[in-house]
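Please find below a colleague's note on this model, set out as numbered points. The order of the chain comes first, then the packing of the helices, and then single residues.

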Amino acid sequence: MKKNFFLLFIMLVSSLAGFAQTKKTFDHDAYQAEKEKIIQGIANLSPEEAKAFFPLYHEMSHKLYEMNRSLRREMRRLSQAGHVSDAEYQKYIEEQFKVKQQQLNIEKEYYSKFKQILSPEKLFKVSVAESRMVKEMLRKQEKK
């Protein structure tokens with residue numbers, strides 16, 4: 001369950017990053033508010049739980065987003081470069097593994113904090129809500 005929660009979260013963060021880059025008028029605050037509303041509804045968070053959970057959740061999300069940012073920049077650079085050596089590709093792939101491990105460590109750290117606030121059932125429902133958000137974002141992107 002822990003692994004699924006965090007894999008879904010990574011997908012959400014990655015999707016958010018891609019969406020934010022392709023749409024210049026992306027309203028991050030509106031997105032965060034909608035995301036909180038959906039998570040709070042699906043996970044059935046009390047106002048007290050939401051007040052304790054979301055600051056940590058946003059803190060973790062920001063850290064993961066920033067870690068992905070450098071990888072996205074390097075991927076874009078490699079994609080646009082005329083000639084890239086195998087050594088450069090290998091370096092990028094190794095950096096991906098390093099970042100993914102760091103992200104997993106962060107997710108484990110925050111999971112230990114989250115489980116002090118929310119029950120395992122509610123944490124599972126948070127991951128369900130995140131999955132729905134990703135699907136909804138993709139559906140909206142396809143309509144555009």
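1. Read from the N terminus on, the elements of the protein run α-α-α-α-α, that is, five helices and zero strands. The model is a predicted one, and the remarks that follow should be read with that in mind. Of the 144 residues of the protein, 36% count as buried. Among contacts with a separation of 6 or more, 75% are accounted for by residues 24 or more positions apart.

2. The packing of α2 with α3 may be taken before the other pairs. Here the angle is about 130° and the axes lie 11 Å apart, which makes α2 oblique to α3, since the angle falls neither between 65 and 115 degrees nor over 145. The crossing in which α2 passes α3 is right-handed. On the α2 side the contact is made by Gln32, Lys35, Glu36, Ile39 and Gln40, and on the α3 side by Pro47, Ala50, Phe53, Phe54, Tyr57, His58 and Ser61. By class, the residues of this contact divide into six nonpolar, four polar and two charged.

3. The loop between α2 (28-43) and α3 holds Asn44, and this residue deserves a look of its own. Its phi is near 55°, a positive value in a residue other than glycine. Is Asn44 buried or exposed? With a relative accessibility of 54%, Asn44 counts as exposed, because the cut-off for that class is over 50%.

4. Helix α3 (residues 47-80) also packs against helix α4 (residues 86-114), with an angle of about 180° between them and a distance of 11 Å between their axes. The two helices are therefore roughly antiparallel to each other. In the contact of α3 with α4, the residues divide into 15 nonpolar, four polar and eight charged.

5. Ser61, already named in the contact of α2 with α3, has its place in helix α3. Ser61 counts as buried because its relative accessibility is 10%, where the class requires a value under 20%. The C-alpha atoms of Ser61 and Glu107 are separated by 9.4 Å, although the two residues are 46 residues apart along the chain. Glu107 is itself one of the buried residues of α4.

6. How far does α4 reach from its first C-alpha to its last? With 29 residues, α4 reaches 41 Å, close to the 42 Å expected at 1.5 Å a residue. Its buried residues are Tyr92, Val99, Gln103, Ile106, Glu107, Tyr110, Tyr111 and Phe114. As a general point, an α-helix has 3.6 residues a turn, so residues three or four places apart point the same way.

7. The third pair to consider is α3 with helix α5 (residues 120-143), which pack at an angle of about 60° with their axes 14 Å apart. They are therefore oblique to each other, and α3 passes α5 in a right-handed crossing. The contact is made by Glu49, Phe53 and Tyr57 of α3 together with Lys122, Leu123, Val126 and Glu130 of α5. These residues divide into four nonpolar, no polar and three charged. Phe53 and Tyr57 are also named on the α3 side of the contact with α2.

8. For α5 the length can be checked in a simple way: at 1.5 Å a residue its 24 residues should span 34 Å, and because the end C-alpha atoms are 35 Å apart, the two values agree. The buried residues of α5 are Lys122, Leu123, Val126, Ser127, Ala129, Glu130, Ser131, Met133, Val134 and Met137. Lys122, Leu123, Val126 and Glu130 thus appear both in this list and in the contact with α3.

9. A last point concerns Ile117, which is found in the loop between α4 and α5. Which residues does Ile117 contact, leaving aside its neighbours within four places in sequence? The residues in contact with Ile117 are Glu49, Ala52, Phe53 and Leu56. The C-alpha atoms of Ile117 and Glu49 are separated by 6.4 Å, with their positions 68 residues apart along the chain. Because its relative accessibility is 24%, Ile117 counts as partly exposed. Glu49 and Phe53 are also named in the contact of α3 with α5.

Notes
Residues are numbered from 1 along each chain as its sequence is written. This is a predicted model: local features need pLDDT of at least 70, side-chain atom pairs count only at pLDDT 80 or more; totals for chains, interfaces and linings use all residues. Side-chain values use heavy atoms; hydrogens and water are left out. Axes are lines fitted to C-alpha atoms, for helices over the stretch in contact, and angles run from 0 to 180 degrees between N-to-C directions. Helices (H or I, at least four residues) and strands (E, at least two) are DSSP runs, numbered from the N terminus. Angles under 35 degrees count as roughly parallel, over 145 as roughly antiparallel, 65 to 115 as roughly perpendicular and the rest as oblique. A crossing is left-handed if the near helix is turned anticlockwise from the far one by less than a right angle, and right-handed if clockwise. Contact means heavy atoms within 4.5 Å. Ala, Val, Leu, Ile, Met, Phe, Trp, Tyr, Cys and Pro count as nonpolar, Asp, Glu, Lys and Arg as charged, and the others, Gly among them, as polar. The expected span of a helix is 1.5 Å times one less than its number of residues. Buried means under 20% relative accessible area, exposed over 50%, partly exposed in between (1.4 Å probe, protein chains only).
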